[in-house]
Amino acid sequence: MKKRILSAAGRKEELRLATPKMIGDYRAQRLACKKLVEIGAGIGSQTLAFSRTCSEVIAVEKNPQSVSTLVNNTKDAQNIIVIEGDIFSDDILSKIKGADVYFCDPSRPLEEKERTIANVSPKPEELVKFNPLAIEMPPQLPPEKIPYDAEKEYISVECRLNRLTLYFGRLKKHNISVVSLPSGEKITDEEKPAKIQTGESAKFIHEVDTAIIKAGLLPQLVHKLGKLHIYSQGKYTILSSDIAVKNSFLRTYEIISKVNPDSIELNAELRKKGFGKAVVHARILPSEYWQLRKTLERGLSGSETAHVFINESEALITKLLQ
């Protein structure tokens with residue numbers, strides 16, 4: 001996402017928020033065409049990705065400081081044209097007519113108590129005149145808060161929600177979809193949902209991709225994979241099963257031991273099983289995390305890392321399956 005840059009701190013923030021290459025490359029593949037217009041190109045991270053899949057890219061940016069960086073970052077690409085100015089001005093509108101695809105990553109506040117569409121600029125309503133259109137939106141928005149006839153594609157990287165793109169017109173392929181990177185695995189709301197049961201921990205637990213939860217596609221994922229039930233729900237949704245399940249939308253852990261949620265008992269069991277480190281998964285304050293971890297790791301001398309899931313009734317000592 002791109003922001004206006006008014007200081008060195010602002011430039012540093014823009015670099016931090018630039019589109020990751022993995023996501024830029026995926027999006028460029030999906031929007032590959034002859035002529036693409038990027039509205040609000042920022043410093044050019046996504047622009048460069050588009051230049052590798054499109055014959056011509058017109059990058060429009062109205063912030064002068066961003067334009068300077070954009071020109072420098074894209075100077076080696078022969079098929080990128082940089083235009084400085086307001087996308088809605090008559091002069092620029094005349095220069096971007098007839099593109100095969102329009103893409104926009106609107107600016108929005110760096111911090112908000114709750115992400116909303118109201119604070120993005122330009123708004124989707126102002127952009128729909130460009131067709132076909134793809135817009136990046138705040139990924140914190142659930143589908144029910146997006147009142148547009150567009151595909152809502154949530155993108156995750158390594159099982160964590162990262163981006164949300166809306167696809168309008170002929171670019172829309174589904175209503176809701178989730179894509180996992182780097183694998184490229186995809187799931188949509190068109191797939192059959194399952195009625196999910198709850199239950200106790202079995203032999204394995206699975207941490208669900210946060211993009212799946214945000215998109216509301218957990219029933220579809222469970223139906224696709226089968227034989228999974230909900231073990232716990234909180235910041236992360238944890239499923240459990242009697243068999244190991246390999247899937248891009250899950251982080252799977254093998255349960256090694258089940259003990260009482262007591263730090264002394266946990267430490268003893270970790271030493272007994274030969275672990276050297278213990279990553280804690282629990283609903284605790286950040287200030288308490290390292291103190292608990294220090295207690296659990298006291299006297300450990302092994303080479304492997306345990307992942308310890310703690311709730312009110314039990315603690316699971318697990319090993320992450322790669």
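Reader: Is Glu158 buried, partly exposed or exposed?

Author: This is a predicted model, and Glu158 is found in the loop between strand E6 (151–157) and E7. Its relative accessible area is 48%. Exposed would require over 50% and buried under 20%, so Glu158 is partly exposed.

Reader: What is the phi of Glu158?

Author: Most residues other than glycine have a negative phi. Glu158 is not a glycine, yet its phi is positive, at about 55°.

Reader: Where is Lys227, and what is its relative accessible area?

Author: Lys227 also has a positive phi of about 55° without being a glycine. The loop between H8 and strand E11 (229–233) holds Lys227. The residue is exposed, with a relative accessible area of 73%.

Reader: Which residue does a cis peptide bond join to Pro122?

Author: Most peptide bonds are trans. Pro122 is in the loop between E4 and helix H6 (124–127). The bond before Pro122 is cis, with omega about -5°, and the residue on its other side is Ser121.

Reader: Where is Pro132, which follows a cis peptide bond from Asn131?

Author: The bond from Asn131 to Pro132 has omega near -5°. Pro132 itself is in the loop between H6 and E5.

Reader: How is the chain divided, and how many residues of domain 2 are in contact with domain 1?

Author: The domain assignment gives domain 1 (13–188) and domain 2 (204–320). Their C-alpha centres lie 36 Å apart. On the domain 1 side 21 residues take part in the contact, and on the domain 2 side the number is 17.

Reader: Where does the largest nonpolar core lie with respect to the domains?

Author: In soluble globular proteins, nonpolar side chains tend to be buried together. The largest nonpolar core here has 43 residues. Among the elements that give two or more residues to this core are strand E1 (35–39), strand E8 (176–181) and helix H7 (210–215). Domain 1 and domain 2 both give residues to this core, so it lies between them.

Reader: Which residues touch the most other members of that core?

Author: One of the two is Val178, which is in contact with Tyr154, Ile187, Ala211, Ile212 and Phe249, among others, leaving aside neighbours within four places in sequence. The residues that touch the most other members are Ile96 and Val178.

Reader: How many residues are in the second core?

Author: This core is separate from the largest one, and its members include Phe50, Cys54, Val101 and Phe103. Phe50 and Phe103 are both buried. The second core has 18 residues.

Reader: How many aromatic pairs are there, and why is the pair of Phe50 and Phe103 edge-to-face?

Author: The count of aromatic pairs comes to 6. The ring centres of Phe50 and Phe103 are 5.4 Å apart and their planes are at 65°. Planes over 60 degrees apart count as edge-to-face, so this pair is edge-to-face.

Reader: How many residues apart in sequence are the parts that this pair ties together?

Author: Phe50 lies in helix H3 (residues 45–51), while Phe103 lies in strand E4 (residues 101–104). The pair therefore ties together parts whose separation in sequence is 53 residues.

Reader: Which strands are tied together by the pair of Tyr253 and Phe309?

Author: These two rings have centres 5.0 Å apart and planes at 75°, so they too are edge-to-face. Tyr253 is buried at a relative accessible area of 2%, and Phe309 is buried at 8%. The pair ties together parts 56 residues apart in sequence, namely strand E13 (residues 250–259) and strand E15 (residues 304–310).

Reader: What form do E15 and E16 make, and how many residues lie between them?

Author: Strand E15 is joined to strand E16 (residues 315–320) by 4 bridges, and the two run antiparallel. Within this pairing, Val308 has Ile317 as its bridge partner. The two strands form a hairpin, and the number of residues between them is 4.

Reader: In which sense does strand E14 pair with E15?

Author: Strand E14 (residues 275–281) and E15 pair over 6 bridges. Ala278 has Ala306 of E15 as its bridge partner. The sense of the pairing is parallel.

Reader: Which ring does the charged end of Arg30 sit over?

Author: The charged end of Arg30 is 3.7 Å from the centre of the ring. That ring belongs to Tyr167.

Key
Residues numbered from 1 in each chain as written. Predicted model: local features only at pLDDT ≥ 70, side-chain atom pairs only at ≥ 80, totals over all residues. Heavy atoms only, no water. Phe/Tyr/Trp six-rings, centres within 6.5 Å; stacked < 30°, edge-to-face > 60°. Buried < 20%, exposed > 50% of the residue type's maximum accessible area, 1.4 Å probe, protein only. Lys NZ or Arg CZ within 6 Å of the ring centre and 35° of its normal. Pairing = 2+ DSSP bridges. Core = buried A, V, L, I, M, F, W, Y, C linked by side-chain atoms within 4.5 Å. Domains from an automatic or database assignment. Contact = heavy atoms within 4.5 Å.
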